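Me: I would like to learn how to read a few features of a protein model. Can you take me through them one at a time?

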Amino acid sequence: MAELIQNAQILDTAGQLVDSDVLIEDGHIQAVGPHLQPVEGVSVTDAHGAFLTPGLVDVHVHFRDPGFTDKETIRTGSQAAAHGGFTTVLAMPNLNPVPDTPEKLAAQIRLNQTEGVVNVLQYGAISANLIDKNVSDLAAMSAEGAVAFSNDGKGVQDAGTMYQAMLGAAAVDKPLAAHLEDNSLINHGVINEGVASKRLGLAGITGLAESSQLARDLVLAQATGVHYHVAHISTKESVTLVRLAKEQGIKVTAEVSPHHLLLSDEDIVGDNALFKMNPPLRSEADREALVAGLLDGTIDMVATDHAPHTASEKAQSMQTAPFGITGIETSFQLLYTHLVKSGVMTLATLIDRMLVRPIQAFGLAAPKQIQVGQVADLALFDLTDTTTINFDDFASKGKNSPFVGWQVNGSTLATWVAGKRVYERTAK
Ligand SMILES: [Zn+2]
């Protein structure tokens, strides 16, 4: 089955938008160029000048399946990914059972492949049940197809555990992604320690819980030669540490979430758990440092940390609600609207941070450019329309977004995986 997409705009190698048609056949891109003629039997799609790109890549999602399927399933999570224009995602291992052995990991990968409507790749757990000291058999999990390793959701408290895990990950040349959180500095906090925590009378989480563990890990990363990846970086001190480490030649990459780029703790006006996530929204100065870091390449990529919860869980107070927000469906349009349209960065830079860098850093096989011969993983965005983010539009089971009500441009019109449509916007 062949499909001809006419009148699209694609980024050329110089980062400029150019008019182009794209022919998909047998799951691959067969032709790219202006004014391609439809041959018999080809279905024709008029893109009306919309922006066509290889599908975006998110290296940090939580699909909750198995174990927590009232929050999300691989099916609904991957449908949400397709709705957001993502065709490859990397799923975190805080599941039940935790994929911490080659057998459990292989079962999880099979489930991802059967249930996922996009490419769902899997992290293996650094340690058994995400508990310190019992480092998993990373070599065996790598052989089974683990894309990288992480204990995301929990910080690795013990330097010895982290050191052993880094040696294991380095030996198989797979990235190790760290959720940075020193438990001895958390102090039962629920939002950032600062003006907002004082104003709201809530316990605060100091940024030192992140940056002090990062400093430790960078020293260990230098000693082991591992590819060390910082998950959801959130403070200006952490950005400085990553910048210094890169200057020292330490093999470090970092991701930042859309919410840490667009919100600070000043935006938390009341006891509203839609603003509760881990790491928490930091100060405005931190937010500005994160944007600057993403712009200058210190921070390599955007990752959503898509963390769905049920409506009743997130209806609780800041004190008792779980950490995490849904995010994969709104990330491109939020960042397009507030970073590209507002003039902070070019569209080419945003696509670099949401597509090219994640693929390069994690050594993924996903396509970085629209080119003949590439697999047809594609997303089509309408950069001109204006929509309002709405609870009812989420494919995810998690509707817990602080961005509901925001006006955005750049909604997804269609998403393809290997030439097959996995999302298509229906007329309202
Ligand atoms: Zn995390």
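Reply: We go through a metal site, a serine and two helix pairs. Keep in mind that this is a predicted model.

Me: Start with the metal. Which protein donors does the zinc ion have?

Reply: Read the donor atoms first, then their distances. Here the donors are Asp152 (OD), His179 (ND1) and His232 (NE2). They lie 1.9 to 2.3 Å from the zinc ion.

Me: What spacing do the donors follow along the chain?

Reply: The pattern is D-x26-H-x52-H. Now place two of them on the fold. Asp152 sits in the loop between β9 (148–150) and α4 (159–171), and His179 in the loop between β10 (176–178) and β11 (191–192), so the pair ties together parts that are 27 residues apart in sequence.

Me: Is Asp152 buried or exposed?

Reply: Compare the relative accessibility with the cut-off: buried means under 20%. Asp152 has 2%, so Asp152 counts as buried. His179 is at 5% and therefore counts as buried too.

Me: What about ideal angles at a metal?

Reply: The ideal depends on the donor set: 109.5 degrees for four tetrahedral donors, 90 or 180 degrees for six octahedral ones.

Me: Next, the serine. Where is Ser396?

Reply: Ser396 lies in the loop between β16 (378–388) and β17 (407–417). Its relative accessible area is 0%, so Ser396 is buried.

Me: Which residues does Ser396 touch?

Reply: Leave out residues up to four places away in sequence; the contacts of Ser396 are then Glu72, Thr76, Ala80, His306, Pro308, Thr326 and Glu329. With Glu72 there is also a polar contact between side chains, at 2.7 Å.

Me: Now helices. What describes a packed pair?

Reply: Two values do: the angle between the axes and the distance between them. Take α4 and α6 (residues 208–224): the angle is about 40° and the axes are 10 Å apart. The two helices are therefore oblique to each other. Their crossing is right-handed.

Me: Which residues make the contact between α4 and α6?

Reply: From α4 come Ala159, Met162, Tyr163, Met166, Leu167 and Ala170. From α6 come Arg216, Asp217, Leu220, Ala221 and Thr224.

Me: At what angle do α11 and α12 pack?

Reply: α11 (residues 331–340) and α12 (residues 347–362) pack at about 145°, with axes 10 Å apart. The crossing of α11 and α12 is right-handed. On the α11 side are Ser331, Phe332, Leu335, Tyr336 and Val340. They meet Leu347, Leu350, Ile351 and Met354 of α12.

Key:
Residues numbered from 1 in each chain as written. Predicted model: local features only at pLDDT ≥ 70, side-chain atom pairs only at ≥ 80, totals over all residues. Heavy atoms only, no water. Donors = N, O, S within 2.8 Å, 3.2 Å for Na, K, Ca; no water. Helix = DSSP H or I, 4+ residues; strand = E, 2+ residues; numbered from the N terminus. Buried < 20%, exposed > 50% of the residue type's maximum accessible area, 1.4 Å probe, protein only. Polar contact = N/O pair within 3.5 Å; in protein donor to acceptor, adjacent residues only side chain to side chain. Contact = heavy atoms within 4.5 Å. Axes fitted to C-alpha atoms, helices over the stretch in contact; angles between N-to-C directions. Parallel < 35°, antiparallel > 145°, perpendicular 65-115°, else oblique. Left-handed = near helix turned anticlockwise from the far one by under 90°.
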